[in-house]
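Here are two short exercises to work through with the model open. Try each one yourself before you read its solution.

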Amino acid sequence: MQGRIWQHFLNILLLSGLAACQSFLPDLPEENELLDGPEEGLSTEEQGIFLAGDIAFNDEIFTPATGLGPIFVASSCASCHVGDGKGHPTNALTRFSQTASNEIVNRLLDKGGPQLQHRSIPGFTAEQIPPEANGVSKVVAPAVTGLGFLAAIPDQTILDLVVQQRDEGIVSGEVQWVDVPGYLKPEPWQITNSEAQYIGRFGKKSAAISILQQVVGAYKQDMGVTTDFDTEDPINFSLSANQIDPTIDPEIPASTVNGVVFYIRTLKRPLPRNQDEPSVIAGKSLFSQIQCSSCHLPVLKTGLSDISILSEQEFYPYTDMLLHDMGPELDDGHVDGNELSFEWRTPPLWGLGLAPDSQGGQFFLMHDGRATSIEEAILLHGGESESMKESFEALDRDKKNQIIEFLESL
Amino acid sequence: MLRFGRLAILAGALFLIVANWSYGQDVDSVANKDAIFARPFIFQGNVSKQTTTAIGGYLEGNTNYFVTNGVGDGFSMEMRRFNIFLYSSISDRIRFLSELEFEHGTEEIALETALLDFELHPSFILRAGVILPPIGYFNQNHDGPKWEFIDRPLVSTTILPATLSEIGFGFHGNVPVKTLTVTYEVYLTNGLNDNVVANEINRTSLTSGKGGALFEEDNNGSPSLSSRIGFKSRKYGELGFSYYGGVYNTFKSDGLNLDVKRGLNVLAIDVNFQVSRLRIIGETAWINADIPQSFGQQFGSEQWGFHLDLIYPLSTFNLFSLERITLNGNFRIERVDYNIDNFNETGTKIFDEVTAIVPGLSLRFSRSTLIRANYRYHWERDFFGNPASKTGGFQFGFASYF
């Protein structure tokens with residue numbers, strides 16, 4: 001009997017101790033306060049692949065011995081996509097080209113184009129922008145969350161939006177038709193044009209068809225890391241075509257790239273916050289009234305996907321995935337593909353309110369991070385969005401704030 | 001805020017107890033410079049007088065339970081170190097000491113010390129071999145059983161590269177000046193290598209610049225200088241100033257110029273004081289390094305950090321047949337800034353900082369053996385200064401010389 005009392009006493013003591021200890025440990029933030037983490041519903045096997053991709057994306061830092069460079073921009077994925085969120089201007093990519101009348105003349109591929117690698121490993125020299133380049137764009141890294149959903153939008157949906165916008169006459173988005181790299185096998189549902197090009201959907205100018213192309217390009221152009229898919233290092237052509245690092249190529253295998261692609265595809269959608277707040281509800285309504293939602297389309301739907309949680313899902317990215325004329329203010333003179341230099345793809349607005357959590361506590365918005373507040377970003381809109389900007393400017397302070405609060409809630 | 005309150009109450013309670021129960025703990029009787037010889041197995045070897053050679057070592061292990069932003073990997077146990085010492089008094093004036101470290105089982109095996117001392121005079125002793133350069137207090141005084149905390153100080157291991165072992169030579173000595181003993185050390189060593197920047201940490205890291213190959217050959221043929229001067233009072237303790245510097249990169253090889261010479265400078269101040277029964281151990285260090293511009297702003301050219309440990313004997317008691325066990329209340333505060341600079345693009349501050357507090361208790365069975373428990377909470381802000389990642393956890397461990 002006495003033994004039992006002692007046992008109960010010890011159990012209570014142990015539980016109290018654990019509870020007391022737990023109260024000294026940091027709490028888990030609310031799920032909608034974080035961008036990272038997998039979409040709900042992954043199988044055990046899929047969670048294992050997600051974890052491997054997570055480690056490669058967030059923990060692997062390349063060095064000269066493991067393939068970094070010889071010229072590069074960053075030494076890890078997470079350097080630019082901190083916490084899977086938007087990047088900081090200090091790690092912005094510099095893209096350059098030679099253009100005339102807003103169209104491409106020369107991509108300067110033999111001069112190090114289309115992207116500057118401004119850092120180098122010891123013994124090598126970093127690139128500089130060639131004098132021929134008259135179009136130079138700085139681009140801040142986008143958030144990578146929810147990209148699996150954007151990748152699973154059927155091409156036909158995007159093409160239908162082009163037609164719908166022409167019919168409505170408010171804005172007129174275009175798709176970017178992109179040449180397919182040899183390693184990429186388009187999905188059966190992807191639509192090709194007469195020149196065997198496919199619809200681009202990733203990157204500020206929709207220059208990449210798929211997440212795989214984006215990841216392979218980032219390993220090469222951002223980190224100077226070769227893969228099974230692309231075995232050539234970036235080279236500083238202004239010095240010598242022999243400026244190749246001594247690491248054996250490919251520097252990482254296809255399995256690592258595929259793991260990262262799976263990780264990005266299955267990162268959760270940014271979850272909205274404060275949706276019941278009256279000001280947020282009012283802001284959401286105003287956002288539509290002044291026709292911001294013409295381009296920042298609230299809802300889209302995925303098609304069939306090999307990952308079941310991505311199949312036929314309605315989601316709320318606030319983008320139409322199309323290129324739009326954004327006016328002279330945002331025209332850097334650079335062209336990535338077939339677009340005009342003042343055309344930019346509508347960026348998804350989901351997760352916008354969490355941008356400061358990965359940008360050092362403040363906003364750096366628009367493609368190059370020049371806007372340090374949401375309002376400043378809105379006022380930089382031009383071209384097709386000129387009338388929406390003017391409508392915003394005409395609102396009183398309270399209504400402007402409601403729109404901003406709504407955008408911060410995404 | 002509530003958590004801060006709890007911590008403040010915890011810290012306050014600890015020191016109220018301290019104020020009422022105070023049992024003495026002697027200030028170290030040896031200077032930091034001689035800490036490597038202040039190990040029990042050497043004393044015992046000397047006492048027995050039966051042999052000129054002694055074998056000893058220490059063992060330390062602990063448990064970890066940590067949670068970062070609400071996510072943890074559960075409870076785990078860690079076999080930190082099993083180190084073997086070999087000491088030999090070759091003659092009255094020549095002595096040998098070595099330390100072989102097995103970290104995390106056999107994950108890392110390192111020869112930490114293998115040195116010969118030739119004592120021409122107590123104020124002038126030649127030293128050669130694998131030495132522990134005197135950067136701050138910790139590098140030469142790092143044995144687990146000497147410390148009341150389970151984790152080593154961040155400033156000592158991530159700003160300063162402790163434990164740093166290097167092949168080199170130099171001299172050291174003690175010079176009595178009135179009531180003080182002034183100790184000095186000056187050594188030339190092979191120094192650090194290119195991994196100060198070419199590393200997997202993605203920041204300037206002297207710790208990454210250590211390399212086994214440097215035991216065979218300097219990577220740049222340009223030795224590094226390490227030196228420390230200490231002022232020791234038997235009553236109050238010791239204050240030390242140290243400098244370490246030299247070229248770290250491979251700027252030349254096979255007669256070919258590969259880069260310009262890139263140097264680094266390290267300044268450290270350390271204290272080991274006894275104020276009444278309170279023991280205060282601290283170290284602060286500042287680093288300046290010439291970083292290739294092509295490595296970008298991620299790699300800071302300046303770093304800084306400090307730790308301050310407060311150790312107070314709360315009670316001394318007997319437990320069964322174990323006599324004079326001392327219960328210490330301990331508190332550590334530490335902070336490191338890996339990149340003291342502003343962003344070129346925005347003019348805003350670069351962060352990459354860690355701040356931590358570590359309250360704890362230790363039960364000292366003797367100077368050789370203790371068990372210890374720590375609560376650790378640290379705030380880590382990344383390069384951009386995003387909201388701090390918060391880590392908290394409990395550790396329980398043991399350490400003992402043998």
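**Exercise 1.** Work out how many salt bridges the rule finds across the interface of chain A and chain B, then describe what the contact is made of.

*Solution.* Start with the charges: this is a predicted model, and the rule finds zero salt bridges across the interface of chain A and chain B. Next, look for polar contacts: between chain A and chain B, twelve residue pairs make one, counting pairs with both residues at pLDDT 80 or more. Now see where chain A's side comes from: α1 (2–22) and β4 (119–120) of chain A are the elements that each give two or more residues to it. Sort that side by residue type and you get 16 nonpolar, 18 polar and three charged.

Then go for size. The contact takes 37 residues from chain A and 37 residues from chain B. About 2,700 Å² is buried between the two chains, and carbon and sulfur atoms give 61% of that. In chain A, the residues losing the most area to chain B are F24(A), L25(A) and P26(A), together 24% of what that side buries.

**Exercise 2.** Decide whether S311(A) is buried or exposed, and find what surrounds it.

*Solution.* First, place it: S311(A) sits in the loop between β8 (300–301) and β9 (314–315) of chain A. Second, check its accessibility: the relative accessible area of S311(A) is 17%, so it is buried, since the cut-off is under 20%. Third, list the contacts: beyond its neighbours within four places in sequence, S311(A) touches T302(A), G303(A), L304(A) and S305(A). Finally, follow the side chain of S311(A): it reaches the backbone nitrogen of S305(A) at 2.7 Å.

Technical notes. Residues numbered from 1 in each chain as written. Chains lettered and ligands numbered in written order. Predicted model: local features only at pLDDT ≥ 70, side-chain atom pairs only at ≥ 80, totals over all residues. Heavy atoms only, no water. Helix = DSSP H or I, 4+ residues; strand = E, 2+ residues; numbered from the N terminus. Buried < 20%, exposed > 50% of the residue type's maximum accessible area, 1.4 Å probe, protein only. Polar contact = N/O pair within 3.5 Å; in protein donor to acceptor, adjacent residues only side chain to side chain. Contact = heavy atoms within 4.5 Å. Buried area = accessible area lost by both parts, 1.4 Å probe. Salt bridge = Lys/Arg side-chain N within 4 Å of Asp/Glu carboxyl O. Nonpolar A, V, L, I, M, F, W, Y, C, P; charged D, E, K, R; others polar.
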